[in-house]
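This report goes through one protein chain and its ligand, from single residues to the whole. Please look at the sequence and the structure first.

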Amino acid sequence: MQTQELRQETPAAETNTGDQAFLKLKGITKRYGADYMAVDDLDIDVPKGKLLGLLGPSGCGKTTTLRMIAGLLDITRGKITIDGDDISHKPPHKRDIGLVFQNYALFPHMTVAQNVAFGLEMRGVGRTEARDRVEEALEMVRLPGYGERKPKEMSGGQQQRVALARALVIRPRLLLLDEPLSNLDAKLRDDMRIEIREIQQRLQITTVFVTHDQVEALTMCDLVGVMHRGKLAQLGTPEDIYERPEDLFVADFVGRTNILDGEIEALDRVRIGASVYPCNTRGLTAGKAKAAIRPHRISLTPSRDRSLVSMATNAAHGKVTRVTYIGDVVQYDIDIGGNTLTTEVHTASAGHSFQSGEKLLCEWKPQDMQVFGS
Ligand SMILES: Nc1ncnc2c1ncn2[C@@H]1O[C@H](COP(=O)(O)OP(=O)(O)OP(=O)(O)O)[C@@H](O)[C@H]1O
Ligand SMILES: [Mg+2]
């Protein structure tokens, strides 16, 4: 009985069970010079064992955020805790964090084993234990027995796995990865994505992964924080970010989308060109708007096959202006009275293929059109 009462008094943030925050960023801010806010008041909670992706365009503050968490950069304001432990002003080696950067930064003159052992020596781990832990870390990244090689005798992907082993060997509480795949070619990147995710899940290690690649963020992460000009534009699951973007920047940056200029006519009614479409206007009843529609959410039918339009869908008549064959999909650009809609049809399921100049009916569901006031 008493235990229960005590438990109820414990603040949620300090119990660290289930989905509660393990890594907590509270209002962290980095100002350069007098007034340049590289990172501006970031609040992010990452539950234990989860992978957070920080996604955003070049210069939005991703690396700055990661370096503040690692302790390589002082924070201007805010607080960082890991498992309730305030690390905001601790030196990097006392934070228990593993780091991997874009350019693996292995020491070229050292063997793979010496590279991986580096962090252990710094921490005063004895030789025998270090040898076992290095081998264990190399096994984790599927490079057992590679200890005696030099980095230059390994491929880019292998070197990046060594960098990962070097970060993991210290058994960190938190793993930070800054664009670790961007120096790898496309095929290797796909493999390494799966591999990193597999290792992260196997070790259940809380991880922050920085990327400007939305496919990486959507496919690998439990949570994605989209950053824009130093601020957090949206934090959510990959599905939240893709299906329910909260602003135009997120809708445009994550995944491909058509953005059309329009005008809100009334609640849940937007005018684009000569047509008015039902959609969710997020409570807005007037004013200029931008409407976003994903290419693959638009279905196409030859105009001659359809005269009646269902009330449940939005529809526009248009004419094909460009056909682009991409392999798995064919992209059709369609002029719908002044605006161009880019649409996609999977080649495998394509019942029709359309020609340039052909007249089509484009249809999409009201919920597939995201409208933002502007
Ligand atoms: N030491 C510095 N002094 C002044 N401005 C800086 C400094 N370091 C970074 N910046 C600026 O802060 C902003 C954020 O930089 P940051 O490296 O965090 O971006 P990023 O999101 O990692 O970009 P990228 O995808 O190109 O790596 C940039 O505009 C950058 O020019
Ligand atoms: Mg960066």
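Thr285 touches Ile264, Glu265, Ala266 and Leu267, leaving out residues up to four places away in sequence; a contact here means heavy atoms within 4.5 Å. The model is predicted: local features need pLDDT of at least 70, side-chain atom pairs count only at pLDDT 80 or more, and totals for chains, interfaces and linings use all residues. Residues are numbered from 1 along each chain as its sequence is written, chains are lettered from A and ligands numbered from 1 in the order in which they are written, and side-chain values use heavy atoms, with hydrogens and water left out.

Thr285 is found in the loop between strand S13 (275-278) and strand S14 (287-293). Helices (H or I, at least four residues) and strands (E, at least two) are DSSP runs, numbered from the N terminus. Thr285 counts as partly exposed because its relative accessible area is 48%; buried means under 20%, exposed over 50%, and partly exposed in between, with a 1.4 Å probe and protein chains only. From Thr285 to Glu263 there are 22 residues in sequence and 9.6 Å in space, C-alpha to C-alpha.

Asp86 lies in strand S5 (residues 85-86). Its relative accessibility is 39%, so Asp86 is also classed as partly exposed. Leaving out residues up to four places away in sequence, Asp86 touches Lys79, Ile80 and Thr81. The side chain of Asp86 also makes a polar contact with the side chain of Ser88, at 2.5 Å. A polar contact is a pair of N or O atoms within 3.5 Å; within protein, one must be able to donate a hydrogen and the other to accept it, and residues adjacent in sequence count only if both atoms are side-chain atoms. Asp86 and Asp247 are 161 residues apart in sequence, and their C-alpha atoms are 32 Å apart in space.

Is Gln158, a residue of helix H6, buried or exposed? Gln158 is buried, because its relative accessible area is 18%. Its side chain reaches the backbone nitrogen of Ser155 at 2.9 Å. Apart from neighbours within four places in sequence, Gln158 is in contact with Leu143 and Tyr146.

Helix H6 (residues 156-168) also gives 6 residues to the largest nonpolar core, the largest share of it. This core has 46 residues, and those with the most contacts inside it are Val116, Leu164, Leu168 and Val226. A nonpolar core is a set of buried Ala, Val, Leu, Ile, Met, Phe, Trp, Tyr and Cys residues joined through side-chain atoms within 4.5 Å. Another core, of 27 residues, lies apart from it, and Val46, Ile69, Ile82 and Met227 are among its members.

Val116 touches Val134, Ala137, Leu138, Val162, Ala165, Arg166 and Val169, not counting residues up to four places away in sequence. In helix H4 (residues 112-122), the buried residues are Val112, Ala113, Asn115, Val116, Ala117, Gly119 and Leu120. These buried residues of H4 pack against helix H5 (127-140) and H6. Just after H4, Gly124 takes a positive phi of about 75°.

Next comes the ligand. Around ligand 1 are Tyr32, Tyr36, Ala38, Pro57, Ser58, Gly59, Cys60, Gly61, Lys62, Thr63, Thr64 and Glu179; a residue belongs to this shell if one of its heavy atoms lies within 4 Å of the ligand. The table gives three polar contacts with ligand 1.

| Residue and atom | Partner | Distance |
|---|---|---|
| Ser58, polar side-chain atom | oxygen atom of ligand 1 | 2.5 Å |
| Gly59, backbone N or O atom | oxygen atom of ligand 1 | 2.7 Å |
| Gly61, backbone N or O atom | oxygen atom of ligand 1 | 3.0 Å |

Taken alone, ligand 1 exposes 640 Å², and the protein buries 58% of that. Accessible areas come from the Shrake-Rupley method with a 1.4 Å probe; for residues, only the protein chains shown count as cover. Strand S2 (36-47) and helix H3 (62-70) are the elements that give two or more residues to the shell. The largest share of the shell, 3 residues, comes from H3.

Last, the chain as a whole. There are 10 helices and 20 strands in the chain. Buried residues make up 48% of its 374 residues. The C-alpha atoms fill a box of roughly 80 × 55 × 50 Å, taken along the principal axes. The chain exposes about 18,900 Å², of which carbon and sulfur atoms supply 49%.
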